[in-house]
Amino acid sequence: MVTKSANSLKQSAYQLPKVFKGSILLIALWSLCLLSTFAVILGYGVRQKIMLASRLDDRAKLSLIAEAGIVRAIAEVKRELPKSYDAINDYWSINIDTFKDIPLGDGRFNVYNEYINDISGLMETRFGLVDEERKININTAESRIIKNILRFALNIDEMLAQQLAASIVDWRDSDSELSIPSGSAEDAFYNDLQYPYEAKDANFESLDELLLVKGITPGIFEKIKDYITIYGTGRVNVNTASKFVLLSVGFTEDIVDKIITVRSGDDGILGNADDIFFDSSSSVAVKLNQFYALNEATLGEINAISDLYLNSTSSCFMARSTATLRNKKSSQTIISVFDKDGKVLYWRES
Ligand SMILES: [Ca+2]
Ligand SMILES: [Ca+2]
């Protein structure tokens, strides 16, 4: 009797109502579901963090490798011994061994620039630096010369080029008077914009500042940026200047072609050992005369332009260093401008 009542108690303890049993099962399933979701979310979060850490690590490596390219570029400029000319066949200008595909740690850097070969007329890549004196200095050049470079670089008519040049000059000059009656811009124009500002009335401190000037769209900026600068002495280096720049300072097309032909030496190729250089602004007429026996009037014109606008050396250089990592798609580029002593004047990472 005692045994029977104990069994029945045991039985009643295990035989819970069906509804109650179902609830426990549901709770268990929900818990499992919640835990699984939590695990998935946690796993995703951790994976994201690991990827971010890896990307940051890659970014840091790329930055250091690209920076090494700039350091190398500065060293290359500083190792040039003082001389009376800087030319396209200098080590800083064309130097595949130093600037092309240089391995470093997990990656490599390239220091290069793209330019139009003035002899072939084709766009080419050169592993080396660009000197700023091969361009027109928009802080010092007169409006006429800025108009010329815009006209050549943008292939636009005289009137539009003049308006853009006048706006550039008005942006930098200290007064608030329009330099030409229409098409130029001072405070009144910029104050009327949706987000108003004033004309700077001082020198450009960065080339990108041009995008604030009336008429200079990003598309125009992209086309002119390799022909203009805000660095350097303001004089154009006759040994490195492009055809458009030499035309802009006032030489005729015939004289510009002669300068470029003489520069390229016997083989007609710019940037190798047989290149001929001008070692002063006054030597331009003298050397051209040796090759072409020019008349007095032409020699006089060459001397007049050379005296005002030319030089045979460069004081500032631009390097673009791009870093890549082994087996990775990401890259990083640093653009820097520095002087002959290695003092950095501009730095941009992208
Ligand atoms: Ca002004
Ligand atoms: Ca040559």
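This text walks through two calcium sites in a predicted model.

Start with the calcium ion called ligand 1. Its protein donors lie 2.3 to 2.6 Å away. Backbone oxygens come from Asp170, Asp173 and Asp175. Asp173 also gives a side-chain OD atom. Glu186 is listed twice, through OE atoms, and Asp201 adds an OD atom. Along the chain, these donors follow the spacing D-x2-D-x1-D-x10-E-x14-D. Aspartate 175 sits in the loop between helix H5 (158-172) and helix H6 (187-191). Aspartate 201 sits in the loop between H6 and helix H7 (218-224). The two are 26 residues apart in sequence, so the pair ties together separate parts of the chain.

How accessible are these two aspartates? Aspartate 175 has a relative accessibility of 34%, so it counts as partly exposed. Aspartate 201 is also partly exposed, at 22%. The cut-off for buried is under 20%.

Now turn to the calcium ion called ligand 2. Ser264 and Ile269 coordinate this ion through O atoms. Asp267, Asp274 and Asp275 use OD atoms, and Asn272 uses OD1. The distances run from 2.1 to 2.5 Å. In sequence, the donor residues are spaced S-x2-D-x1-I-x2-N-x1-D-D.

What arrangement do the 6 donor atoms make around ligand 2? They subtend angles of 78 to 175°, so the arrangement is octahedral. That label requires opposite donors over 155 degrees apart and all others between 65 and 115.

Is serine 264 buried or exposed? Serine 264 is buried, with a relative accessible area of 1%. Aspartate 267, another donor to ligand 2, is partly exposed at 36%.

Key: Residues numbered from 1 in each chain as written. Chains lettered and ligands numbered in written order. Predicted model: local features only at pLDDT ≥ 70, side-chain atom pairs only at ≥ 80, totals over all residues. Heavy atoms only, no water. Donors = N, O, S within 2.8 Å, 3.2 Å for Na, K, Ca; no water. Helix = DSSP H or I, 4+ residues; strand = E, 2+ residues; numbered from the N terminus. Buried < 20%, exposed > 50% of the residue type's maximum accessible area, 1.4 Å probe, protein only. Tetrahedral: all angles 85-135°; square planar, octahedral: opposite > 155°, others 65-115°.
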